[in-house]
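Hi there,

Here is the structure I promised to pass on. Have a look at it first, and then read my notes below.

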Amino acid sequence: MTNDEANTLLHAYIDGELDPAKTLELEAHLADNPSLRAACGRLREMSDAVRLKADYHAAPAWLEERVRAALPAEPKNGPARPTWWGWLKPAVSVAAVADWLRPAASFAAVALVTWVVALGVLRPGEDERITQEVLASHVRSTLANRFYDVASSDQHTVKPWLSARLAFSPPVADLSASGFEMIGGRLDYIGAQPVAVLVYKRRQHMIDVFVWPAEGQKAEQTLTRDGFNIERITKNGMTFWIVSDLNRDELDDLARLLAERSATP
């Protein structure tokens, strides 16, 4: 991937519109290009500022009604509108052509309004963007065989290492007695925000637990994407995003254990 190609993909990347393969390719390019990472960071800051501070107004229902009301009524007994081959006949008057184009323009106006409203609805929301980013990070760490920055099964080693590099102290739980072996931790970025990643192992399944301070209480969420199970929980002021190819029932068990132990120092 060239720098020009990477630059053209930044907006789609930030909006969560790239497929996993293209996301991984771009992120590999970002890792080797400081200036491109800086540009990506600036775009994220601008996107976050717009999302957090801009005024958003839903299109009112009366708008579509007014546009539809502006459509001219079909003439009951009037002359038929010219077909496309009428353009080839010099006898067609300007008035007739204008009469033919007016409904098309009105239809275009309705289509434009519908498209603008749909764009606002279909653009990936915050949860969808985070889902794509945590999944991409998990896949990237697996493909690169870089699961952790600090390798340890001791929570008293992993927690201080992460706390020294973050603006918060993530809860770190030793869950080996319950069959979830902690093998280390690493730093990552989700939405340009540094986060902690706790890495657990269940048999041959690797599990990433992304942790950062919660902005508010959110409902628990469970998803399945591209063969991976994803869960989100919020407990004791922290948000946990859990990603793995482990089956749903066992991932539910881990989520429950993390919720119970999140307040443990």
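Two strands count as paired here if DSSP finds at least two bridges between them. By that rule β2 and β3 pair in the antiparallel sense, over nine bridges. Please keep in mind that this is a predicted model.

The sheet

The strands form an open sheet of seven, with antiparallel pairing and the order β1-β2-β3-β4-β7-β6-β5. At its edges stand β1 (150-151) and β5 (221-225), each with a single partner strand, so one side of each has no neighbour in the sheet.

Starting from the β1 edge, β1 and β2 are antiparallel and share two bridges; Val150 has Gly185 in β2 as its bridge partner. Seven of the ten residues of β2 are buried, so this strand is mostly covered. In its pairing with β3, Asp188 has Val195 as its bridge partner. The hairpin of β2 and β3 has two residues between the strands, and Gly191 takes a positive phi near 60° there.

Towards the other edge, β6 (residues 228-235) and β7 (residues 238-244) run antiparallel and are joined by seven bridges. Within this pair, Ile233 stands opposite Phe240 in β7.

The helices on the sheet

Helix α6 packs on the sheet and touches β2 (181-190), β4 (205-213), β5, β6 and β7, with its direction at about 125° to that of β2. Helix α8 (residues 248-261) also packs on the sheet, touching β3 (193-202), β4, β5, β6 and β7; its direction makes about 20° with that of β6.

What span should we expect for α6, with its 19 residues? At 1.5 Å a residue, α6 (residues 126-144) should span 27 Å, and its end C-alpha atoms are indeed 27 Å apart. Buried residues in α6 include Arg129, Ile130, Glu133, Leu135, His138 and Val139. Just after this helix, Asn145 has a positive phi of about 55°.

Two loop residues to look at

Most residues other than glycine have a negative phi. Asp226, in the loop between β5 and β6, has a positive phi near 50°. Is Asp226 buried or exposed? Its relative accessibility is 61%, so Asp226 counts as exposed, the cut-off being over 50%.

Asn236 lies in the loop between β6 and β7, and its phi is positive too, near 50°. With a relative accessible area of 55%, Asn236 is exposed.

Happy to talk it through whenever suits you.

Best wishes

How values were computed: Residues numbered from 1 in each chain as written. Predicted model: local features only at pLDDT ≥ 70, side-chain atom pairs only at ≥ 80, totals over all residues. Heavy atoms only, no water. Helix = DSSP H or I, 4+ residues; strand = E, 2+ residues; numbered from the N terminus. Expected span 1.5 Å × (residues − 1). Buried < 20%, exposed > 50% of the residue type's maximum accessible area, 1.4 Å probe, protein only. Contact = heavy atoms within 4.5 Å. Axes fitted to C-alpha atoms, helices over the stretch in contact; angles between N-to-C directions.
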